[in-house]
Amino acid sequence: MRKITLEEIENNYKEAIRNKFKIERVEGKHSHYLSNPSQAQLRDLCWEIFSSEPKTDDLSTYRKFFRTDFTPEENTSTQYTDKFKKVGGFYKGDKDPANISTVELAAILVDFHPRPLNKFKKEIGEEDMKLIDELRNTNVPPKEVSSHELVIESTIENFTDSNVDFAETDSAPIQNQYLEPVTLKNKEPKLEQTPEAISIQTFGESVDKPKGKKIRYFAIAAVLILLVAIVFLALPEKQCMQWSNDHYEIVDCDLKIEGIGIPPRIELLDKSLVNLKKVNVCDTTTCFDNNGQAMIWYAKTANGIDFFNGHGRHPENNSPLRPVTRYILDKYVKK
């Protein structure tokens, strides 16, 4: 097996982080930040993550990226909002940043593991590449891969695209529930064949390659049209919600509100926010769980401060909600 180089490992690390970002922005717990990763959204996500017991390696990354230590009493990243432009550019693949601390912070914001790069180098070099090689040489169905799916997938794609062979002879494709089938290329040159001799088996019949491609394209197009029709018919009716005093209510999207003043805006139903409620906090309110994690979130307003039962954004001024701290409780909650 060819030994993987440090440069290839670093490229795989970056690509795996970008793949994790694509997943998190759609279905991750912080998708409301990552779906539209502006500098301000990434800054607020950074504060939320580091406010809840950050790891030692992550604190080191924070120090290298911002050139200052993280302090839970004050959001020191606010004055460096423009630095998140590099992180957003990295996610989009515009240009690899010159400083590895940008990549490391990008990994933290999407909760990619293993991180940082030094830990990734060790695991991809000693475990995942060995696993890939073992799967390639076995004739029995491979066992379920339990970790680093994106890392392995990215590694296989990079090696396949660069015509790298894992062995001197042909091998069966690597295939499991996480990996797409990959055919390893043989180093022995293949003899040229005449066009008349080249044929492929498509839908049970032996046909010439150009004709087989046309049939395959038509089949794919038909399947896609069918899927679109099924999805369109299966979609539920559009629902909306509206903030009412201290909670969201599900309303008709075509509801017309009449009255004096500015009415609460009607928004598309967001399952992650529909159960959000404003709560009254006093000195007997349970604000932290047994592990010290915040159970109450807050946002400052023109009239003071509002507390909520979950994270998200303030329904009235759209500012991000932050996990409550002892400092905030001591300052704003009357005893």
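Helices are taken here as DSSP runs of H or I of at least four residues, and strands as runs of E of at least two, both numbered from the N terminus. On this basis the secondary structure of the protein, which is a predicted model, comes to 10 helices and 9 strands. Buried residues account for 36% of the 335 residues in the protein, and the surface that the protein exposes is about 21,800 Å², of which carbon and sulfur atoms supply 51%. Among contacts between residues at least 6 apart in sequence, 56% join residues that are at least 24 apart.

In soluble globular proteins, nonpolar side chains tend to be buried together. In the present model the largest nonpolar core has 33 residues, and the members that touch the most others are Ile17, Val87, Tyr91 and Leu105. At least two residues of this core are supplied by each of helix 1 (6–27), helix 2 (31–34), helix 3 (39–50), helix 4 (56–66), helix 5 (84–92), helix 6 (100–109) and helix 7 (117–137). Apart from the largest core lies another, of 11 residues, which include Val281, Cys287, Ile296 and Ile305.

Within the helical part of the chain, helix 5 has as its buried residues Phe84, Val87, Gly88, Gly89, Phe90 and Tyr91, and the elements that cover these buried residues include helix 1, helix 3, helix 4 and helix 6. When residues up to four places away in sequence are not counted, Tyr91 touches Ile17, Arg18, Phe21, Leu42, Ala106, Leu109 and Val110. Helix 5 is followed by Gly93, for which phi is positive, near 75°. Gly93 is also among the residues touched by Arg18, a list that comprises Phe90, Tyr91, Gly93 and Asp96 once residues up to four places away in sequence are set aside. Arg18 itself is found in helix 1 and has a relative accessible area of 11%; because the cut-off for a buried residue is under 20%, Arg18 counts as buried. The same cut-off applies to Cys46, which at 0% relative accessibility is likewise buried.

Turning to the strands, an open sheet is formed by 3 strands in the order 4-3-5, with antiparallel pairing. Strand 4 (247–251) and strand 5 (266–268) stand at the edges of this sheet, and each has a single partner strand, so that one side of each is left without a neighbour in the sheet. On average, and with direction ignored, neighbouring strands of this sheet are turned by 40° against each other. Strand 3 (residues 240–244) is joined to strand 4 by 5 bridges, the two strands running antiparallel, and Met241 has Ile250, in strand 4, as its bridge partner.

A disulfide is a covalent bond between the sulfur atoms of two cysteines. The structure holds 1 disulfide, formed by Cys240 and Cys253, whose sulfur atoms lie 2.0 Å apart. The torsion about the S-S bond of this pair is about 105°, and the disulfide is therefore right-handed. The pair links distant parts of the chain, with Cys240 in strand 3 and Cys253 in the loop between strand 4 and strand 5, 13 residues apart. Cys240 is buried, its relative accessible area being 5%. Cys287, by contrast, is in no disulfide, and the nearest cysteine sulfur, which belongs to Cys282, is 8.4 Å away. Cys287 is buried, with a relative accessible area of 5%, and is one of the residues of the 11-residue core.

Further along the chain, strand 7 (residues 297–301) and strand 8 (residues 304–308) pair in the antiparallel sense over 5 bridges, and these two strands form a hairpin with 2 residues between them. Strand 7 is also joined to strand 9 (residues 322–323), through 2 bridges and again in the antiparallel sense. Trp297 takes part in both pairings, standing opposite Phe308 in strand 8 and opposite Pro323 in strand 9.

Terms used
Residues numbered from 1 in each chain as written. Predicted model: local features only at pLDDT ≥ 70, side-chain atom pairs only at ≥ 80, totals over all residues. Heavy atoms only, no water. Core = buried A, V, L, I, M, F, W, Y, C linked by side-chain atoms within 4.5 Å. Buried < 20%, exposed > 50% of the residue type's maximum accessible area, 1.4 Å probe, protein only. Contact = heavy atoms within 4.5 Å. Pairing = 2+ DSSP bridges. Axes fitted to C-alpha atoms, helices over the stretch in contact; angles between N-to-C directions. Areas by Shrake-Rupley, 256 points an atom, 1.4 Å probe, with all protein chains shown as cover. Disulfide = S-S within 2.5 Å.
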